[in-house]
Amino acid sequence: MAKIALLIGVSDYESGLDSLPGTQADIRAMQGVLQNPAIGGFDTVYLLPDPELTQMQYEIEKLFSENRSRDDLILLYFSGHGVRDDNGSLYFATRTTQKNSQGRIFTSTAVPASFIQHCMSQSRSKRQVLILDSCFSGAFAKDMKAKQADEIIDVKAQLGGEGRAVLTSSTATQVSYEKEGASIYTRYLVQGLETGAADLDNNGQITVDELHEYAREKVQEAAPTMQPEIYAVREGYKILVGRAPQGDPKLTYRKAVDERAKQKRGRLSPVDQRALRFHWQELGLSASEAESIAQEVLQPYQVFWAKLDEFEQAVKETLDYDPQLSATSLEDLQYFQRVLKLRQEDIAPILDTYRIRLDRSEPITPFRRIEFPAIVSSILPPDTILRSGDFAPAASPPAQDDLSSKLRIDYTHLRDLLKAGDWKEADQETYRVMAQAFGKKDGEWFTSDELLNFPCVDLKTIDRVWVKYSKGHFGFSVQKQIYVESGAKLDGQYPGDKTWNEFGDRVGWRVKSTWIHPGGVTFSTSAPRGHLPLLVGGRGARFCSLLSHRDL
């Protein structure tokens with residue numbers, strides 16, 4: 001029994017197709033893990049960089065036909081451009097693939113998927129793995145039917161129990177990554193083999209379906225809309241492609257970090273980090289080993305969160321120059337969403353924060369129902385039982401507002417400013433009424449103890465009118481919710497730069513890692529959720545005390 005692999009990478013094209021420099025690194029990385037006796041254990045691994053048409057077809061046919069026996073394992077890997085003709089048939093571009101004046105390829109200059117299918121079907125080997133890291137690679141499975149006269153032969157049914165597996169980095173309609181070429185799927189295939197992390201059942205063996213599932217999950221952690229696929233016939237799923245170490249402390253720790261990261265979508269809490277630190281120490285790993293493993297596991301999540309940050313910045317920039325959000329601006333944001341490979345549910349919190357709907361056929365609501373109970377529960381006593389029916393929108397607002405004040409302060413003017421949507425004056429009025437409560441002169445800030453112990457009746461009144469007339473967008477209780485979600489403890493103390501910076505980013509007080517100055521405040525509901533009130537007590541430890549108030 002022999003194990004033979006052919007790895008094809010096409011990075012340079014002579015006519016019309018974008019170069020993909022990452023493909024050469026792809027085939028070298030795959031060669032490394034497949035040739036490693038402790039991992040892939042392949043007898044022979046051929047590299048075929050930047051072939052022309054005849055050479056590529058010759059090497060593929062030779063791979064499947066030359067002196068092969070039934071038990072041989074044959075692996076063909078392709079990294080490069082996949083292209084489709086007008087009928088949807090898939091072709092693999094070579095270095096010499098040409099385009100016509102309309103931008104379509106001359107199919108005679110590319111290798112058709114049907115050619116590879118034919119070579120696989122004619123081979124004596126009954127254990128075959130095909131890995132396609134290219135655009136539209138999922139179309140290969142669609143083409144697993146071949147016409148013969150007027151009859152359509154279903155190859156899957158014809159093969160019966162034969163072992164064949166086709167792994168694809170994308171669906172039949174998806175293009176490759178604009179910035180990363182076609183390398184991200186391969187990166188995680190290699191990582192799964194190299195580290196042993198693709199051994200999902202911990203039996204020391206990595207089968208085709210395990211390897212694909214590991215890579216698929218990692219790809220979707222970074223780019224949720226990408227959908228790597230696997231097409232296999234019976235035993236094809238269980239073809240053994242590699243081995244994993246057993247009892248290895250590095251692998252044990254990697255899987256522990258990976259499992260926790262999946263639950264938290266890569267955002268590990270201080271408690272998580274403490275628990276993992278105890279775990280790697282118990283396993284006898286060094287701090288540098290543990291840090292390297294954690295960084296590698298969390299990398300796709302960091303890519304995802306960075307993409308969300310990019311999308312939010314695009315929303316802010318769009319609102320700056322087009323506050324009314326024309327159809328063109330909405331289309332621009334939808335295009336950027338597709339480029340970033342983000343799903344609608346990924347960007348929904350950002351759209352809610354800025355009160356945007358990309359599809360104007362969908363009605364916009366002033367707040368998401370799922371968030372409103374959280375806002376209200378931060379004001380209600382902790383033992384209050386909340387029911388979904390409690391949050392049905394009222395037919396109309398109450399005729400009068402509760403403007404109660406233990407200090408006999410008149411909140412009518414603040415209410416009227418908020419009702420009129422005069423957010424800037426309302427922000428300043430909030431400072432004035434709170435200064436009145438403390439007997440402060442204009443311009444004086446409050447101490448931490450003063451904010452932490454502000455009379456609860458008055459604080460609830462101020463917060464209530466802010467929340468009501470901003471429709472849940474502004475208010476101290478809204479800020480408190482975001483503060484807690486950012487990882488803060490309600491102990492009145494400064495939570496540390498990391499937590500405070502995250503809170504500042506979310507409420508829009510920090511932009512591109514820089515804290516805004518007073519002139520940078522946005523006094524409109526296009527500002528991020530929780531952006532106002534701002535001028536009450538200044539930023540930093542004093543404001544932390546207010547957000548830790550027991551009655552917010």
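Which element gives the most to the lining of the largest cavity? I wrote this at the top of my page and came back to it after looking over the whole chain.

**Entry 1: the model and its confidence**

I noted before anything else that this is a predicted model, and I looked up how confident the predictor was in it. The protein chain has an average pLDDT of 81, and 83% of its residues reach a score of at least 70. Two stretches made me careful: over residues 141-161 the pLDDT stays under 50, although the model has 31 contacts there beyond four places in sequence. Over residues 361-399 the pLDDT is below 50 too, and I found 43 contacts for this stretch in the model beyond near neighbours in sequence.

**Entry 2: the chain as a whole**

I looked up the secondary structure next, and the protein chain holds 20 helices and 15 strands. Of its 552 residues, 48% are buried, and the accessible surface comes to about 26700 Å², with 49% of that belonging to carbon and sulfur atoms. I also looked at how far apart in sequence the contacting residues are: when I take contacts between residues at least 6 apart, 70% of them join residues at least 24 apart.

**Entry 3: the cavities**

I then turned to the enclosed spaces and found four cavities of 30 Å³ or more, the largest of which has about 60 Å³ of space. Its lining is made of Ile4, Leu6, Tyr46, Glu59, Lys62, Leu63, Glu66 and Arg68. Two elements, strand E1 (3-9) and helix H2 (53-65), each give two or more residues to this lining. That brought me back to my opening question, and the element is H2, which gives three residues. I sorted the lining residues by kind as well, and they divide into four nonpolar and four charged, with no polar ones.

**Entry 4: valine 465**

For a single residue I chose valine 465, which I located in helix H17, a helix that covers residues 456-469. Is valine 465 buried or exposed? I found a relative accessible area of 3% for valine 465, and because buried means under 20%, this residue counts as buried.

I went on to ask which residues valine 465 is in contact with, leaving aside its neighbours within four places in sequence. The contacts I found are Leu403, Leu414, Arg415 and Leu418. I also looked up a distance to aspartate 416, which is 49 residues away from valine 465 along the chain, and the C-alpha atoms of these two residues are separated by 9.5 Å.

Technical notes:
Residues numbered from 1 in each chain as written. Predicted model: local features only at pLDDT ≥ 70, side-chain atom pairs only at ≥ 80, totals over all residues. Heavy atoms only, no water. pLDDT = per-residue confidence, 0-100. Contact = heavy atoms within 4.5 Å. Helix = DSSP H or I, 4+ residues; strand = E, 2+ residues; numbered from the N terminus. Buried < 20%, exposed > 50% of the residue type's maximum accessible area, 1.4 Å probe, protein only. Areas by Shrake-Rupley, 256 points an atom, 1.4 Å probe, with all protein chains shown as cover. 1 Å grid on protein atoms, 1.4 Å probe; cavity = no way out; pocket = protein on both sides within 12 Å on 5 of 7 lines; lining within 4 Å. Points joined across faces, edges and corners; volume = space filled by probe spheres on them. Nonpolar A, V, L, I, M, F, W, Y, C, P; charged D, E, K, R; others polar.
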